[in-house]
Amino acid sequence: TTVLVLNGPNLGRLGRRQPEIYGHTTHGDLADLCRSWGEQLGLEVEVRQTNHEGELLDWLNDAADTETPVVLNAAAWTHYSYAIFDACAQLTATLVEVHISDPEQRPEVFRHTSVVTPHAAKVIAGQGVDGYRQALEFIAADTGD
Ligand code: DQA
């Protein structure tokens with residue numbers, strides 16, 4: 001099974017971006033980790049990051065067409081993008097929502113809502129980058145691999 005790990009805006013600066021919140025693992029390190037976690041689970045993992053909402057929408061639309069499972073950290077778009085809501089609604093394979101921090105525990109009220117959650121089979125938040133491993137484990141179990 002191929003799995004897409006899709007990361008939204010500002011996650012390309014992981015490791016340098018507010019490390020007190022998001023930790024010291026870079027996006028490159030995260031991509032390596034996801035690929036090797038996937039390997040152990042028998043999953044082919046492709047990791048992508050974009051700061052451009054339309055690009056993420058194209059990736060989600062392709063995942064809908066190909067019935068590909070998705071691990072999605074839509075970052076700030078999580079909280080307000082109805083286009084992401086609509087794209088997630090079209091997915092038929094397993095969708096897992098991941099956040100490195102726990103948005104619901106953070107002080108900014110805008111983080112307390114998610115357009116992804118209504119479509120997600122599982123939400124993993126506040127586990128740091130290990131949340132991605134947990135998401136891949138869930139997909140491996142859910143897709144019977
Ligand atoms: C995030 C949480 C979001 O609120 C924030 O906008 C991000 C990252 C997380 O992984 O903790 O960019 O999705």
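Two residues count as being in contact here if their C-beta atoms, placed from the backbone, lie within 7 Å. With that in hand, here are the close-ups, all taken from a predicted model.

**View 1. Tyr22 and who it touches.**
Tyr22 sits in helix α1, which covers residues 19-22. Leave out residues up to four places away in sequence, and Tyr22 touches Leu14, Arg17, Ile100 and Ser101. Is Tyr22 buried or partly exposed? Residues are called buried from 20 other C-beta atoms within 10 Å upward, and Tyr22 has 19 C-beta neighbours inside 10 Å, so it counts as partly exposed.

**View 2. The annotated pair, Tyr22 and His99.**
UniProt, in an unreviewed entry, lists Tyr22 and His99 under "active site". The two span 78 residues in sequence, yet their C-alpha atoms are no more than 9.5 Å apart, so they gather at one spot. His99 belongs to strand β4. It counts as buried because it has 24 C-beta neighbours inside 10 Å. Not counting residues up to four places away in sequence, His99 touches Asn73 and Ala125.

**View 3. The "binding site" residues, one by one.**
The unreviewed UniProt entry puts Asn73, His79, Asp86, Ile100, Ser101 and Arg111 under "binding site". Do they gather or spread out in space? They are spread over 39 residues of sequence and also spread in space, with up to 24.1 Å between C-alpha atoms. Zoom in on two of them:

- Asp86 lies in helix α4, residues 82-89. With 14 C-beta neighbours inside 10 Å, Asp86 comes out as partly exposed.
- Ile100 is found in the loop between β4 and β5. Ile100 is buried, with 24 other C-beta atoms within 10 Å. Setting aside residues up to four places away in sequence, Ile100 touches Tyr22, Gly23, Gly128, Val129 and Gly131.

**View 4. The sheet, strand by strand.**
Here 5 strands make an open sheet, ordered β2-β1-β3-β4-β5, with parallel pairing. The edges are β2 (44-49) and β5 (122-125), each of which pairs on one side only. From one strand to the next, the twist averages 20 degrees. For a closer look at one pairing, take β1 (residues 2-7) and β3 (residues 70-73): they run parallel and 4 bridges join them. One residue to pick out is Asn7, whose bridge partner in β3 is Asn73. Asn73 also turns up in the "binding site" annotation from UniProt.

**View 5. Helices against the sheet.**
Helix α3 (residues 53-66) packs on the sheet and touches β1, β2 and β3; its direction makes about 160 degrees with that of β1. Helix α5 (residues 130-142) lies across β1, β2, β3, β4 (95-99) and β5. Relative to β4, helix α5 runs at about 170 degrees.

**View 6. Where α3 meets α4.**
Which residues of α4 are buried? They are Ile84, Ala87 and Cys88. Looking down the axis of α4, these buried residues fall within an arc of 100 degrees, so they line one face of the helix. The cover over them includes α3 and β4. On the α3 side, look for Leu60, which is buried with 25 other C-beta atoms within 10 Å. Leaving aside neighbours within four places in sequence, Leu60 is in contact with Ala87, Cys88 and Leu91. Leu60 and Cys88 are 28 residues apart along the chain, and their C-alpha atoms are separated by 7.0 Å.

**View 7. Zooming back out.**
The protein has 5 helices and 5 strands, and from the N terminus on the elements run β-α-α-β-α-β-α-β-β-α. Its radius of gyration is 14 Å, close to the 15 Å that the globule rule gives for 145 residues, so the protein is as compact as a globular protein of that length. Along the principal axes, the C-alpha trace spans about 40 × 30 × 25 Å. Buried residues account for 36% of the 145 residues. Of the contacts between residues at least 6 apart in sequence, 77% join residues at least 24 apart.

Technical notes. Residues are numbered from 1 along each chain as its sequence is written. This is a predicted model: local features need pLDDT of at least 70, side-chain atom pairs count only at pLDDT 80 or more; totals for chains, interfaces and linings use all residues. Two strands pair if DSSP finds at least two bridges between them. Helices (H or I, at least four residues) and strands (E, at least two) are DSSP runs, numbered from the N terminus. Axes are lines fitted to C-alpha atoms, for helices over the stretch in contact, and angles run from 0 to 180 degrees between N-to-C directions. UniProt positions are given in the numbering used here, feature names are shortened, and annotations may be inferred rather than shown by experiment. A residue is buried if 20 or more other C-beta atoms lie within 10 Å of its own, exposed if 12 or fewer, and partly exposed in between; C-beta atoms are placed from the backbone. The radius of gyration is taken over C-alpha atoms; the globule rule is 2.2 Å times the number of residues to the power 0.38. The arc is that of the directions from the helix axis to the C-beta atoms.
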